[in-house]
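Reader: I should be grateful for a close look at a single part of this structure, namely the place where one chain meets the other. Please explain it in connected prose, suitable for a first-year student.

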Amino acid sequence: MLQFFRDHKILLLIEIAILSFCLLNCFKKEKLIFMQTGEETENQAAGESQRFALDPGVYQARIHAAIAEDADLFINVENDGSRYKALRCNGAVMWGGQEYMDFEVYVLSRTDASYFVWSGEGPEGAISIDFMELYRCNIGERIFAFCCLMLFTAVNGLLAFRKGILQGRISKKSQAAFWLLAFGVFISYFPYITDYMTMGADAYFHLLRIEGLKETLLHGGQFPVRVQDYWLRGHGYATSLFYGDLFIMIPTLLRLIGFSIMTSYKMFILTIMIATAGVSYYSFKKCTGDVGAATVGSLFYVLAPYRIYDIFNRAAIGEALAMIFLPLVLSGLYRIYHEKNADLSHDISAQASLIIGITGILQSHLLTTEMAVVGMLCVCLIFYKKTFRKRIIKNLGISAVICLLLNCWFWLPMLWMMRQDRYKYNTYVDNRIQEMGTSLAGVFQLYPNRGGYQIEMFNCEPIQLGIAGLVVLILFIVLRVKRKTEKDAWKNPYDRILCWLAGLTIFSLFLSTRYFPWDFLAKLPVVRIGVTSLQFPTRFLSPTGVFGAAAAAFFVLWIREERRHWPAPYAKGIVKGGMFTILLLLFGSAVYYADDFALETAPYWIYTAENMGSIGIMLGEYIPEGASTEGMEYTYHAPVAEEGLEYSSFEKNGLQMKVYVNNPAAQEKYLELPVIGYKGYGIREEKSGTNSPYVADTKGSHGDLKIIVPAGYQGMLYISYMGFPVFRVSEVVSLLTGLMVGLYLLKWRVYYGKKVEGITV
Amino acid sequence: MKKCFKFAHTFEIHLEKEQKNVIFGLGLIVLIASVPFLCNANLDSVSLHYYMQRIEELKIGLLNFRFFAILNPEWLTPADSSESLAYGNIFLLFPAILRLLGLPSIPSYHLFGIVWNMITAFIAYYCFRSIFKNKYIGLICSGFYTLSIFRIHRFVVLSAVGESCAYTFFPLILYGFFRAFTEDSGQKQYKTVWISIAIGIGGVMQTHFPSFEVTCFLIAAICLLNLRKVTDLPVFWELLKGFCGAVLAGAWSLFPVMRNYLAFSNGRIQSFGLYFAQLALHFWKFGENTAFSGQGMSHSTPCGVGLILVLGVFVFCFLWFGGALKGKGDRLFFWGKLSAVLGIAFMWMSLSAFPWDWIQDRKMISDRLISSLQSPTVFLGWGTFFLIMTFGFCLWYCAQNERKWEYYLLCVCFFIEITTSSMYLTDSIVQNMHQTEDYVQENCSFEMVKMDGTTALEEINASIFSRS
């Protein structure tokens with residue numbers, strides 16, 4: 001590292017100078033560029049403002065208006081003529097009851113004639129614009145600084161990589177692995193090498209998660225966030241409690257820097273692609289010890305049809321995130337059970353893989369966690385003789401305990417909340433999933449189209465293992481059986497592991513089909529819960545993908561051993577040609593799918609997050625019972641007081657509210673606040689007394705939070721989502737566990753002079 | 001009988017095995033490229049109607065002994081009137097003569113297409129073979145060139161005959177410059193360098209003026225990068241002879257076109273640029289969407305360079321990055337690097353991400369020069385050429401360094417490109433062709449209209465009937 005600094009002094013100085021200049025610019029004050037008052041708009045329901053010029057940069061439009069309950073107002077910033085996509089903004093709608101809105105306007109080239117344009121719907125006099133302003137913020141400078149940082153990191157990385165090559169420290173095989181994986185990532189990310197995105201089935205939901213997390217963090221009051229305040233027009237949605245937000249922090253941070261929602265999402269998808277390639281390569285390298293085998297396995301995983309389908313067709317980001325970590329879990333388990341060359345550093349590395357793997361899956365997608373945990377339990381049971389050996393049980397035990405403690409901050413509050421209340425998902429009784437499984441014909445798809453349907457073969461989506469994986473399995477089975485029937489058959493050291501991986505691939509593939517008796521299992525008690533929660537059996541293509549990729553990696557080693565015993569003079573050529581054909585099928589199939597997806601999918605340009613609205617809760621699984629799952633029923637509204645109760649000075653900032661109440665009556669009165677009544681809200685008084693208001697057990701209309709004000713009470717109340725004491729305990733436990741693990745690893749490195757295998761501290 | 005065989009033997013052409021393979025290969029390339037012309041149907045593109053009527057105009061001109069007929073500037077196209085003045089007609093004489101001989105319009109056009117494919121394949125083979133001094137590399141590059149996605153798009157999908165014809169001459173220009181800068185100027189054959197430059201530049205000038213504009217800038221850039229060589233008198237003389245020869249030979253069409261070419265602005269072009277994903281698409285299908293800024297890539301028209309050529313750049317970067325090309329003195333290494341850089345540059349210039357609007361706003365002359373290009377995709381012609389040069393260089397490098405497996409791998413990539421990309425596209429195109437009646441019949445779906453209101457169809461019919 002120091003040598004790199006010495007060799008590139010001038011370049012680094014230039015980079016530091018540019019970054020310093022950029023960072024200084026990030027603290028510029030915002031500047032008002034344009035303002036138009038209500039009088040100037042003549043309170044017209046539709047119209048355009050005066051023209052104004054905008055230099056390149058990022059601006060924030062701020063609108064103050066009074067919108068009646070049965071009206072809405074669409075506002076946008078547009079420009080006349082000018083250069084190609086110089087101004088990028090979708091505009092947004094202000095709904096009834098909303099008094100303020102802001103959104104970003106991205107200007108890439110100077111525009112000479114930009115303007116506000118608005119149009120409202122509603123009865124006469126229902127809309128009154130107080131004023132609209134346009135501020136130039138330092139968002140553009142922040143984005144520029146971040147882009148410079150990323151560019152310089154990439155350039156320095158490539159220079160260091162090249163130096164390593166020229167000095168002979170990086171072998172040709174490693175170089176080939178890097179470039180092949182880069183090409184694989186390029187192919188898998190291909191449909192997004194544009195200036196737009198596509199709306200997969202769940203895209204709307206995940207975009208709202210990102211925006212919701214960003215808004216909640218900006219409003220303060222919760223960290224980690226449990227209930228996001230942005231959803232359902234400020235009523236909040238407990239998505240963070242039930243769906244891990246740890247990795248959603250990446251696009252959220254990009255949003256906080258100032259990138260548009262679409263750019264943040266696409267950059268996040270690219271991060272997922274790169275992480276999948278890197279993590280799977282690392283995992284398979286640890287298992288096989290061979291660069292070539294790891295590269296092949298990693299390519300199989302990166303280009304797996306189901307994974308790409310998950311990202312683009314379904315936009316199932318949680319599942320795609322979880323798939324990053326599945327190879328780590330497999331690698332950890334394999335190394336714990338495979339005791340060759342086992343020592344303390346090997347054990348720590350294997351435990352770390354397992355812990356990080358399970359943590360990653362748990363923080364990404366609960367259903368995949370369910371499958372992974374059940375799968376691991378099955379492995380432990382099948383290999384029960386090995387499981388109860390001292391070393392292995394110790395490794396598994398330590399991994400399980402650390403995993404549980406490290407993730408305590410997530411799973412404990414989630415289970416606690418599940419016990420506190422009933423939610424929409426509790427009402428899912430009968431969920432026949434067998435018909436959602438894949439057909440046998442789909443297993444042999446060579447050219448997977450983008451498709452449009454999950455069920456049956458008509459216009460089907462590419463929900464499969466992939467032709468390359470199938471060819472590997474068939475080749476293995478045929479060659480293995482052929483050898484077994486020969487006289488003096490010898491033993492290939494990779495026979496056993498490859499048999500297991502092939503078997504697991506085929507079994508998990510079978511689980512994903514309509515031929516597995518899921519409907520029968522859905523009738524059995526206890527098992528029914530797990531089956532129902534799966535939603536569709538095609539989720540088993542996640543483990544199929546990782547087993548198939550691992551099988552492909554070990555196949556490379558297996559076939560090399562086989563080749564040594566082949567009498568043919570061109571054995572090496574046949575194997576190379578065969579592997580090339582398999583890789584050709586893999587790439588060809590992935591390229592076909594990526595191309596078809598790019599040519600057949602409608603584009604969406606989403607620059608303005610506010611344009612999406614906030615009611616996209618999909619099925620509303622995390623809505624408490626009693627609250628409506630119809631997003632349109634939620635409006636911006638003031639608190640609703642029971643007759644006789646007075647309130648004033650109501651202010652709301654996300655889920656943090658303050659209100660002055662006065663109950664002159666002789667009995668308790670309730671006040672309904674415009675947030676969903678999740679358990680965990682708390683009230684803080686300005687001056688505490690003996691008789692304090694409290695949160696009611698029942699909920700208000702459409703599930704709103706209800707607080708009870710005692711008779712004769714008056715005072716300022718501060719209501720916010722506080723969670724429960726168990727939340728704080730779980731967070732402390734996780735923090736302490738993380739610190740202790742970190743200190744242990746540091747101690748290991750410092751005092752024993754050994755770099756822990758695979759973990760650089 | 002023996003005398004007959006002896007007679008036949010005197011006309012036998014003795015070819016080596018390599019030569020036979022090359023001829024067979026070129027024949028196959030031409031056959032595949034000509035598949036869309038082997039039927040009595042065509043894509044119903046605007047440019048097709050335009051060129052068909054130009055052919056008719058030429059035919060009428062020949063009947064009236066007007067050999068150098070330029071399209072009457074009073075004819076208007078739906079786009080703008082400058083387009084009708086931007087091309088010479090010399091290469092359309094062949095289909096016009098076929099029309100004179102009595103062949104119907106579409107078969108004349110198709111026969112012209114097949115012959116032009118042959119010319120393109122041969123010129124490309126000749127130039128690439130001479131640059132890389134390897135017949136098979138020449139054949140592969142010729143295959144890439146003749147069956148490139150860009151060429152199929154221009155020639156078959158858009159029927160942009162002028163641009164496709166100009167594309168044919170690009171290899172000659174680069175070959176001439178390659179010879180000028182790499183050969184020994186003291187040798188006798190050096191005095192023939194100017195010929196390929198003159199034919200190349202002349203061909204481009206006579207067929208598609210926007211391509212000529214791009215070519216001029218490219219020549220300026222190449223000369224700047226080889227300034228030391230250019231200032232060498234023999235080199236400069238050959239280049240000057242070539243350029244002047246082209247200009248003088250084409251003066252009859254050049255000056256009338258130049259008069260109107262930069263007369264006014266055609267508007268902004270950046271919105272017609274591509275996405276990078278379109279450059280690297282492999283399984284292209286026929287599509288009609290050109291409004292990428294509104295419809296994205298959905299059902300996009302097949303305009304790109306193809307994944308395999310982009311992969312070629314990847315391979316080149318792998319070699320360059322890994323130090324394999326470091327410190328090598330062979331001039332071909334310089335041209336390999338130059339081709340990669342220019343290929344990437346031209347690809348970038350064809351994208352909507354390139355700031356064309358900003359450049360147009362700088363000065364009036366840049367506005368005129370850029371707007372006359374009509375679309376940034378015009379850069380893909382040269383871009384495709386340089387990417388093929390890069391791929392050819394990678395092949396040459398592997399052959400020279402006995403990297404057998406890598407060489408065969410690249411050959412397989414070529415095979416994949418032809419069978420799964422070019423042929424996939426031509427199949428898709430053929431399946432979208434409509435039966436098109438002869439253009440002198442009444443069901444012509446588009447008519448060019450003269451300023452006084454008479455249609456081209458009426459005028460052509462009138463001239464035909466007056467001769468009968």
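Author: In this predicted model, the secondary structure of chain B consists of 22 helices and two strands. Chain B has 468 residues, of which 56% count as buried. If one takes the contacts in chain B between residues at least 6 apart in sequence, 77% of them join residues at least 24 apart.

We may now turn to the interface itself. The size of an interface is often given as the accessible area lost when the parts come together. For chain B and chain A the buried area is about 3400 Å², and 72% of it lies on carbon and sulfur atoms. Chain B contributes 41 residues to the contact, and chain A contributes 37 residues.

Polar and charged groups also take part. Across the interface of chain B and chain A there are 13 residue pairs in polar contact, counting pairs with both residues at pLDDT 80 or more. Several helices of chain B each supply at least two residues of the side that touches chain A: H14 (276-279), H15 (292-295), H16 (307-321), H18 (356-360) and H21 (404-430). The helix that gives the most to this side is H16(B), with six residues. Sorted by class, the side of chain B that touches chain A has 21 nonpolar, 13 polar and seven charged residues.

Salt bridges are a further part of the picture. Between chain B and chain A the count is three. One salt bridge joins the side chains of B:Lys285 and A:Asp596, with 2.7 Å from N to O.

B:Lys285 also appears among the contacts of another residue, B:Ser300. This serine is found in the loop between H15 and H16 of chain B. B:Ser300 has a relative accessible area of 1% and is therefore buried, since buried means under 20%. Leaving aside neighbours within four places in sequence, B:Ser300 is in contact with A:Leu599 from chain A, and with residues of chain B including B:Gln278, B:Trp284, B:Gly287, B:Asn289 and B:Phe292.

A brief look at chain A completes the description. Strand E5 (residues 72-79) of chain A pairs with E7(A) in the antiparallel sense, over four bridges. In one of these pairings, A:Ile75 has A:Ala92 of E7(A) as its bridge partner. The side chains alternate along E7 (residues 92-95) of chain A. A:Ala92 and A:Met94 point to one face and are buried, whereas A:Val93 and A:Trp95 point to the other and are not buried.

Conventions. Residues are numbered from 1 along each chain as its sequence is written. Chains are lettered from A and ligands numbered from 1 in the order in which they are written. This is a predicted model: local features need pLDDT of at least 70, side-chain atom pairs count only at pLDDT 80 or more; totals for chains, interfaces and linings use all residues. Side-chain values use heavy atoms; hydrogens and water are left out. Contact means heavy atoms within 4.5 Å. Buried area is the accessible area (1.4 Å probe) that two parts lose on being put together, summed over both. A salt bridge is a side-chain nitrogen of Lys or Arg within 4 Å of a carboxyl oxygen of Asp or Glu. A polar contact is a pair of N or O atoms within 3.5 Å; within protein, one must be able to donate a hydrogen and the other to accept it, and residues adjacent in sequence count only if both atoms are side-chain atoms. Ala, Val, Leu, Ile, Met, Phe, Trp, Tyr, Cys and Pro count as nonpolar, Asp, Glu, Lys and Arg as charged, and the others, Gly among them, as polar. Buried means under 20% relative accessible area, exposed over 50%, partly exposed in between (1.4 Å probe, protein chains only). Two strands pair if DSSP finds at least two bridges between them.
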